[in-house]
Amino acid sequence: MNALENQFAQTIAEHKSTIYTVCYMFSQDADEVNDLFQEVLVNLWKGFESFEHRSDIRTWIYRVALNTCISLDRKKRRSSTVRLTMDINLFEDRDEDTRQVDMLHKRISKLQPFDRAIVLLWLENLSYEEIGQIVGITAKNVSVRLFRIREQLKNMSND
Amino acid sequence: MMNEFENHETQFENMRDQLNTLKKKLDKQEIVNDRVIRHSMKQTASNITRRYYIIMAVALLMIPYSYAVFVMSLGLSLAFWIATSLFMLVCAGATYYNNLNVVNSNMMSSNLVEIGKKMARAKKFDANWLFFGIPAVIAWLAWLTWEIYQQDAEAGRYMVYGIGCGAILGAICGFKMHFKTQHQYQEIIDQIEDLTAEE
């Protein structure tokens, strides 16, 4: 493994939870998470060499992961083999933690993909500026959209 | 109104907690491909180790057994038994030494590149062993035949047929075992290369 590959492997190991969380929030079943996870890793690798560290690595990872999850054609997601994934099934595990996670998933899944990305980043405590950088809108726009998303979430809980 | 606001804020805080729970859960996980491949390598390595332990046990047991058969039963020379014993000790020692490469490689946690190097070293040692092993076995068989002829030329002829058949069967089994081990080493090396290869 050369230095770049080593660096990539280390970066993935450090941010695997973030990547998987994004994939999970954009999936409906375990196969879909695995496919997305694989696809995100491939896209990260493709851009890793040219990533110039002008932005924070976490911001870049979010951007690639969210772009992949939002833009990937659902019909094209199925790959013949899954080479890299995590040994966890959040759709079938039945422990208390997974039940909590499932509640979050159900709530976020009701939102539009773009709103899903914004709320996910907001829940991760990222600033409006950072969220804007990742999803490609202004901080002001983030604030407006977040207000609407929060209203939507409130209505969900009232339903 | 205030209560409603607080309720919603609590709800968002709950969502944050749920996200943290998810992150904590995921932090404990390994990326599976690595884990699965390491597990498979561990299985292959333990097959090799098991075979090595059998070779070591057989080689060591051959020392008293060969004394009983060659010296006490057939009346062959003590020098031949000593040579046989030394050969068996070298076999057991070499197998033990090579086994260290496999045993010391912690397949589940060690660096894959290091494991790969150890496996390549063990494979090479195993292959090179034949350069010593084959001539040594041929020399040993020749000595055994000569010793038997010394005892009784007539009876020795029939015994040599038996020894010949045994040697052929032994060679088939030995080569089969050798190639299987070589193949398993290569399997581990290929898996490591596959795992460390770029997409």
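The following paragraphs describe chain A and then chain B of a predicted model, from overall make-up to individual residues.

Residues are numbered from 1 along each chain as its sequence is written, and chains are lettered from A and ligands numbered from 1 in the order in which they are written. Because the model is predicted, local features need pLDDT of at least 70 and side-chain atom pairs count only at pLDDT 80 or more, whereas totals for chains, interfaces and linings use all residues.

Chain A contains 7 helices and 0 strands, where helices (H or I, at least four residues) and strands (E, at least two) are DSSP runs numbered from the N terminus. Its elements therefore read α-α-α-α-α-α-α from the N terminus on. Of its 159 residues, 33% count as buried; a residue is buried if 20 or more other C-beta atoms lie within 10 Å of its own, exposed if 12 or fewer, and partly exposed in between, with C-beta atoms placed from the backbone. Two residues are in contact if their C-beta atoms, placed from the backbone, lie within 7 Å. Among contacts in chain A between residues at least 6 apart in sequence, 68% join residues at least 24 apart.

Helix α1 of chain A covers residues 3-25. Its expected span (1.5 Å times one less than the number of residues) is 33 Å for 23 residues, and the end C-alpha atoms lie 32 Å apart, which agrees. The helix nevertheless has a kink of about 65° centred on A:H15, the bend at a residue being the angle between axes fitted to the seven residues ending there and the seven starting there. The buried residues of α1(A) are A:F8, A:I19, A:Y20, A:T21, A:V22, A:C23, A:Y24 and A:M25.

Helix α2 of chain A, residues 30-48, includes A:F48. A:F48 is partly exposed because 17 other C-beta atoms lie within 10 Å. The C-alpha atoms of A:F48 and A:E5 are separated by 9.4 Å, although the two residues are 43 apart along the chain.

Further along chain A, the loop between α5 (113-123) and α6 (128-135) holds A:N125. Most residues other than glycine have a negative phi. At A:N125, by contrast, phi is positive, near 65°. A:N125 has 9 C-beta neighbours inside 10 Å and therefore counts as exposed. A:R145, in helix α7 (residues 139-158) of chain A, counts as buried because it has 20 C-beta neighbours inside 10 Å. Leaving aside neighbours within four places in sequence, A:R145 is in contact with A:D115 and A:I118. The C-alpha atoms of A:R145 and A:F114, 31 residues apart along the chain, are separated by 9.9 Å.

Chain B has 5 helices and 0 strands, in the order α-α-α-α-α along the sequence. Buried residues make up 20% of its 199 residues. Of the contacts in chain B with a separation of 6 or more, 74% are between residues 24 or more positions apart.

Two packed helices are described by the angle between their axes and the distance between the axes. In chain B, helix α3 (residues 78-103) and helix α4 (residues 112-151) pack at an angle of about 170°, with their axes 10 Å apart. This makes α3(B) roughly antiparallel to α4(B). Axes are lines fitted to C-alpha atoms, for helices over the stretch in contact, and angles run from 0 to 180 degrees between N-to-C directions; those under 35 degrees count as roughly parallel, over 145 as roughly antiparallel, 65 to 115 as roughly perpendicular and the rest as oblique. The residues of this contact divide into 11 nonpolar, 3 polar and 4 charged, with Ala, Val, Leu, Ile, Met, Phe, Trp, Tyr, Cys and Pro counted as nonpolar, Asp, Glu, Lys and Arg as charged, and the others, Gly among them, as polar. Participants from α3(B) include B:F80, B:F87 and B:N98, and those from α4(B) include B:F125, B:W129 and B:W140.

Helix α3(B), with 26 residues, reaches 36 Å from its first C-alpha to its last, close to the 38 Å expected. Its buried residues include B:T84, B:C91 and B:N98. The 40 residues of α4(B) should span 58 Å, and the end C-alpha atoms are 56 Å apart, which agrees. A kink of about 30° lies at B:F131 in α4(B), shortly before the proline B:P135. Among the buried residues of α4(B) are B:L112, B:A122, B:L144 and B:I148.

The loop between α2 (32-73) and α3 of chain B contains B:L76. B:L76 counts as buried because it has 22 C-beta neighbours inside 10 Å. Not counting residues up to four places away in sequence, B:L76 touches B:F70, B:V71, B:W81 and B:E147. B:L76 and B:I148 are 72 residues apart in sequence and 7.2 Å apart in space, C-alpha to C-alpha.
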